[in-house]
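Biologist: I should be grateful for a close look at one part of this model, namely its salt bridges and the surroundings of the residues that form them. Please treat the matter in one connected account.

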Amino acid sequence: NTEICSNCGAYLPSLTRDLLTPGTQLRAQTYRIDYPLGRGGFGVTYRGHHTLLEQIVAIKEYYPQNYALRHPTTGGFTIPTNQQEIFQRGLQRFLREGRILAKLNHPHVVRVTDLFEENETAYLVMELVTGKSLRKELDSQPQKKIPPQKVKQIITYLVSALSAVHQKGIFHLDIKPDNILLTP
């Protein structure tokens, strides 16, 4: 149900009213938001810049849509009283997983470079990995079938990555072709 700009991959303006706006500064102006890359039930991932290092990064914001609404002027959240406990538990889990992922060095797991709290939520800063989703790869193949040798390679890398994060006590819970990124 999401409309995305076919040129840049950003959400269309009507869908970004509750997201951070381009140019938003975070962590004492260390990071600048460019545009949203994707949105799930528990967060939004943005393309951003590390302003001091002049590097493009991915910034994931803990933003569970079912439990919080963004305040349009402050950027902070309004959380209904009956959702406060659920929001806080999720936030603590997001922070714990961020700390664990920052210590993980695996060739098939995106590298976390920073973690911080701001605007009544938390942010994970990660390397921005370029590639296409397994969904796009499947859709581009004749009869939506990937050659067996390539399937074996993808599954080998995926199992290796999942094994590494599972050993640290993190479980992805949303494995699907849209969430698997294939790099050159």
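Modeller: Arg-135 counts as partly exposed, because its relative accessibility is 30%. In this predicted model, the side chain of Arg-135 meets that of Asp-139 in a salt bridge, with an N to O distance of 3.8 Å. Both residues belong to helix α2, which covers residues 134-140; they lie 4 residues apart, so about one helical turn separates them. Asp-139 is likewise partly exposed, because its relative accessibility is 39%. The two residues also take part in a wider arrangement: a network of salt bridges links Arg-135, Asp-139, Lys-144 and Asp-178. As a general principle, side chains of opposite charge can pair when their charged atoms come close.

A further salt bridge involves helix α2. The side chain of Glu-137 meets that of Lys-150 at 3.2 Å, N to O. This pair links distant parts of the chain, since Glu-137 lies in helix α2 and Lys-150 in helix α3 (residues 148-167), with the two positions 13 residues apart in numbering. What is the accessibility of each partner, buried or partly exposed? Glu-137 is buried, because its relative accessible area is 6%. Lys-150, by contrast, is partly exposed, because its relative accessible area is 33%.

The search of the whole structure finds 13 salt bridges. One of them joins the side chains of Arg-70 and Glu-61, with an N to O distance of 2.6 Å. Here both partners are buried: Arg-70 because its relative accessibility is 13%, and Glu-61 because its relative accessible area is 0%. The cut-off behind these statements is a relative accessible area under 20%.

The strands of the model supply the setting for the next part of the account. Strand β4 comprises residues 55-62 and pairs with β3 in the antiparallel sense over 8 bridges. Within this pairing, His-49 has Ile-56 of β4 as its bridge partner. A hairpin with 4 residues between the strands connects β3 and β4, and Glu-54 in its turn has a positive phi of about 55 degrees.

Strand β3 (residues 43-50) is largely enclosed by the rest of the structure, because 6 of its 8 residues are buried. β3 also pairs with β2, again in the antiparallel sense, over 7 bridges. In that pairing, Tyr-31 has His-50 of β3 as its bridge partner. The hairpin that joins β2 to β3 runs through 3 residues.

Strand β2 covers residues 31-39 and contains Leu-37. Leu-37 is partly exposed, because its relative accessibility is 35%. Together with Ile-56 and Leu-128, Leu-37 forms a nonpolar patch on the surface, with about 210 Å² of accessible area in total. Ile-56 thus appears both in this patch and as the bridge partner of His-49.

A remark on confidence completes the account. The chain averages a pLDDT of 90, and 91% of the residues score at least 70. Over residues 9-15, however, pLDDT stays under 50, and for this segment the model has 20 contacts beyond four places in sequence.

How values were computed. Residues numbered from 1 in each chain as written. Predicted model: local features only at pLDDT ≥ 70, side-chain atom pairs only at ≥ 80, totals over all residues. Heavy atoms only, no water. Patch = residues over 30% accessible without salt bridge, like charges linked within 9 Å, V, L, I, M, F, W, Y side chains within 5 Å. Areas by Shrake-Rupley, 256 points an atom, 1.4 Å probe, with all protein chains shown as cover. Salt bridge = Lys/Arg side-chain N within 4 Å of Asp/Glu carboxyl O. Buried < 20%, exposed > 50% of the residue type's maximum accessible area, 1.4 Å probe, protein only. pLDDT = per-residue confidence, 0-100. Contact = heavy atoms within 4.5 Å. Pairing = 2+ DSSP bridges.
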